[in-house]
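Work through the exercises below with the sequence and the model open beside you. Try each task on your own before you read the solution that follows it.

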Amino acid sequence: QKMPPSLPATINIREPRWDQSTFQGRAKHFFMVTDPRNLLLSGATLEEARRVVEDYRAGTVHPGLTEDQLWRAKYIYDSAFHPDTGEKMILVGRMSAQVPMNMTITGCMLTFYRTTPAVLFWQWVNQSFNAVVNYTNRSGDAPITPSQLGTAYVSATTGAVVTALGLKSLTKHLPAIIGRYVPFAAVAAANCINIPLMRQRELKLGIPVTDENGNRLGESTAAAQKAIFQVVVSRIGMAAPAMAIPPVIMNMLEKRAFLKRYPYLNAPLQVSLVGLCLVFATPLCCALFPQKSSMPVSSLEPEVQDQIRKKDPWLETIYFNKGL
């Protein structure tokens with residue numbers, strides 16, 4: 001029996017498998033990254049994926065390894081280990097935990113929105129989860145200090161709660177369906193506070209900008225502003241379908257006899273509807289903008305433009321990692 005041909009050691013597994021210049025390629029990549037099934041993988045499976053990836057990067061190809069197996073190992077490795085530090089990430093902070101965690105939290109926010117203690121509790125749970133995600137997926141190039149993490153956490157939680165309670169009191173005399181959208185407004189407001197605060201160091205000092213080949217050209221605050229804006233839009237987009245569609249369906253269902261007879265099904269039904277929306281919204285909104293984003297050199301700060309012109313007078317476009 002003939003052995004399959006050995007895999008070449010030239011496949012670039014530091015980059016995603018699919019073309020990231022197209023929305024379709026980015027969507028395929030993020031469907032893999034956010035796949036909740038990765039949470040069920042055993043420690044032994046994660047360590048085996050780490051061994052395959054690290055050996056391949058070092059030039060050692062395991063006998064009989066196929067290209068599909070290599071890419072599978074790469075996505076398992078990426079789902080559990082930090083790209084900069086190589087540390088195993090906290091389970092609930094991984095991108096593959098986004099759908100099940102957000103599904104539960106968002107479903108409960110939409111179900112228990114009528115009383116002030118419930119609003120306070122679920123907005124706090126949501127911002128605590130966001131803080132864990134932001135800390136787990138922090139950049140190794142610009143680490144978050146405990147004080148920055150604390151400031152962002154307290155500010156986002158306060159912003160979400162104030163927005164939720166303020167809108168709740170304003171919508172008391174409006175139709176019930178309007179009140180159901182209060183949690184979404186609070187989450188959107190919190191994202192606008194949380195992400196810029198969590199990445200304030202980048203807004204002050206800039207993020208690394210490179211040429212097309214990844215050669216570092218300097219740090220730019222203009223690139224940081226664009227990166228953070230794109231992440232805020234993606235995060236709000238992620239929450240929108242899950243917080244906009246289920247309230248309409250639930251509002252109709254609550255008028256029917258079925259839910260009046262079985263009111264305890266309200267929360268599970270809401271959570272399931274949110275989950276269905278998030279399975280698609282999470283990867284598709286992550287894919288709205290390329291991970292390796294770009295902007296014209298002419299849009300950067302004058303001093304960074306000068307710095308780049310000295311290195312490469314003809315360069316027109318720079319690239320940067322927008323974050324998640």
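**Exercise 1. Salt bridges**

Find how many salt bridges the rule counts in this predicted model, and describe the pair formed by Arg51 and Glu48.

Solution. Begin with the total, which comes to seven salt bridges by the rule used here. Next, turn to Arg51 and Glu48, whose side chains meet with 2.7 Å from N to O; because a salt bridge requires the nitrogen of Lys or Arg to be within 4 Å of a carboxyl oxygen of Asp or Glu, this pair is counted as one. Then place the two residues in the chain: Arg51 and Glu48 both belong to helix H2, which covers residues 43-57, and they are three residues apart, about one turn of the helix. Finally, consider how far each one is covered. Arg51 has a relative accessibility of 41% and so counts as partly exposed, and Glu48, at 36%, is likewise partly exposed.

**Exercise 2. Comparing two further pairs**

For the salt bridge of Lys74 with Asp78 and that of Arg216 with Glu219, give the N to O separation and decide whether each residue is buried or partly exposed.

Solution. In the pair of Lys74 and Asp78, the closest N and O atoms lie 2.6 Å apart. Both residues are part of helix H3, where four residues, about one turn of the helix, separate them. To classify them, recall that buried means under 20% relative accessible area, that exposed means over 50%, and that partly exposed lies in between. Lys74 has a relative accessible area of 3% and is therefore buried, whereas Asp78 has 28% and is therefore partly exposed.

In the pair of Arg216 and Glu219, the closest N and O atoms are 2.7 Å apart. Here Arg216, with a relative accessible area of 46%, is partly exposed, and Glu219, with 36%, is partly exposed too. As a last step, note that salt bridges can also be joined into a network, as they are for Glu47, Arg50 and Glu54.

**Exercise 3. The two faces of a helix**

Which residues of H1 are buried, and against what do they pack?

Solution. List the buried residues of H1 to start with: Gly25, Arg26, Ala27, His29, Phe30 and Val33. Now look for what they pack against, and you will find helix H3, which runs over 67-80, and helix H12. One of the buried residues, His29, can serve as an example. His29 has a relative accessible area of 10%, so it falls in the buried class. If residues up to four places away in sequence are not counted, His29 touches Pro16, Trp18, Gln20 and Tyr75.

**Exercise 4. A nonpolar patch**

Name the residues of the nonpolar patch on the surface and say which helix gives the most to it.

Solution. The patch is formed by Phe23, Phe31, Leu276, Val279, Phe280, Leu284 and Leu288, which together have about 600 Å² of accessible area. Helix H1, residues 23-33, and helix H12, residues 266-286, each supply at least two of the residues in the patch. Of the helices, H12 gives the most, with four residues. Take Phe280 as a case to check: Phe280 is located in helix H12, and its relative accessibility of 45% is why it counts as partly exposed.

**Exercise 5. Two domains and their interface**

Where are the bounds of the domains, and how much area do domain 1 and domain 2 bury between them?

Solution. First read off the division of the chain, in which domain 1 covers 23-88 and domain 2 covers 95-321. Their centres, taken over C-alpha atoms, are separated by 26 Å. Second, look at the contacts, in which 15 residues of domain 1 meet 22 residues of domain 2. Third, turn to the area. The size of an interface is often expressed as the accessible area that is lost when the parts come together. For domain 1 and domain 2 the buried area is about 1,400 Å², and 69% of it is on carbon and sulfur atoms. Fourth, search the interface for salt bridges, where the rule finds zero between domain 1 and domain 2.

**Exercise 6. The chain as a whole**

How many helices and strands does the protein chain have, and what share of its residues counts as buried?

Solution. The secondary structure consists of 13 helices and four strands. Of the 324 residues in the chain, 46% count as buried. The accessible surface of the chain comes to about 16,500 Å², with 63% of it belonging to carbon and sulfur atoms.

Conventions. Residues numbered from 1 in each chain as written. Predicted model: local features only at pLDDT ≥ 70, side-chain atom pairs only at ≥ 80, totals over all residues. Heavy atoms only, no water. Patch = residues over 30% accessible without salt bridge, like charges linked within 9 Å, V, L, I, M, F, W, Y side chains within 5 Å. Areas by Shrake-Rupley, 256 points an atom, 1.4 Å probe, with all protein chains shown as cover. Buried < 20%, exposed > 50% of the residue type's maximum accessible area, 1.4 Å probe, protein only. Contact = heavy atoms within 4.5 Å. Domains from an automatic or database assignment. Buried area = accessible area lost by both parts, 1.4 Å probe.
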